[in-house]
Amino acid sequence: MSEIDAGDLLPNDRVQQSVLNGDVTQLTRGASNRYASEGDTFEIEGDTFEVTSVERRTLGDFTDADAQREGSESLEAYKQRMKRVHPGDFEWDDSDEVLTYQFERRD
């Protein structure tokens, strides 16, 4: 367990603000890099968050509930957002391996 920089896990200010507001409680990133471990903490504007789980999975494992934890209204909306934020040749491939990080605000 260590303290990490929020920017190492959360890719931009918009995502960090969404975490701070409670709209995002999970973030999924490509499996080629590990950005945090279970028990790591990070701080946003004085509030501390703890990574409660890190799970290796595939995009095909995703559900509407996952999409909602990531700030989208549905899995389809999440897929469309991923295509917008990953310019170029991004294609949703159910077999792509990813790491899903879940986190909670700590008192």
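**View 1. Glu45 sits out in the open: it is exposed, with a relative accessible area of 66%.** Here "exposed" means over 50% relative accessible area, "buried" means under 20%, and "partly exposed" is in between (1.4 Å probe, protein chains only). Before you zoom in further, note that this is a predicted model, where local features need pLDDT of at least 70 and side-chain atom pairs count only at pLDDT 80 or more, while totals for chains, interfaces and linings use all residues. Residues are numbered from 1 along each chain as its sequence is written, and side-chain values use heavy atoms, with hydrogens and water left out. You'll find Glu45 in the loop between strand 2 and strand 3; strands (E, at least two residues) and helices (H or I, at least four) are DSSP runs, numbered from the N terminus. Most residues other than glycine have a negative phi. Glu45 isn't a glycine, yet its phi is positive, at about 50°.

**View 2. Phe42 and Phe103 meet edge-to-face.** How many aromatic pairs are there? The count comes to five, taking rings of Phe, Tyr and Trp (its six-membered ring) as paired if their centres lie within 6.5 Å, with planes under 30 degrees apart called stacked, over 60 edge-to-face and the rest tilted. One of them is Phe42 with Phe103, an edge-to-face pair at 5.6 Å centre to centre and 80° between the planes. This pair bridges distant parts of the chain, since Phe42 belongs to strand 2 (residues 41-44) and Phe103 to strand 4 (residues 97-106), 61 residues apart. Both Phe42 and Phe103 are buried. Bring Phe49 into the picture too: ring pairs join Phe42, Phe49 and Phe103 into a cluster.

**View 3. Phe62 and Tyr78 stack up.** Their ring centres are 5.5 Å apart, with just 10° between the planes. Phe62 lies in the loop between strand 3 and helix 3 (64-69), and Tyr78 in helix 4 (residues 75-85), so the pair ties together parts that are 16 residues apart in sequence. Are these two buried or exposed? Phe62 and Tyr78 are both buried.

**View 4. Salt bridges run between strand 4 and strand 3.** Side chains of opposite charge can pair when their charged atoms come close. The cut-off for a salt bridge is a side-chain nitrogen of Lys or Arg within 4 Å of a carboxyl oxygen of Asp or Glu, and the whole structure has six of them. Take Arg105 and Asp47, whose closest N and O atoms are 2.4 Å apart. Arg105 is in strand 4 and Asp47 in strand 3, 58 residues apart along the chain. Arg105 is partly exposed at 38% relative accessible area, and Asp47 is partly exposed at 28%. Another bridge joins Arg106 to Glu50, with 2.7 Å between the closest N and O atoms. Again strand 4 (Arg106) meets strand 3 (Glu50), with 56 residues separating the two. Arg106 is partly exposed too, at 32%.

**View 5. Arg57 and Asp66 form a salt bridge, 2.9 Å from N to O.** This time, look inside: Arg57 is buried with a relative accessible area of 10%, and Asp66 is buried with 3%. Elsewhere, salt bridges with shared partners connect Glu50, Glu104 and Arg106 into one network.
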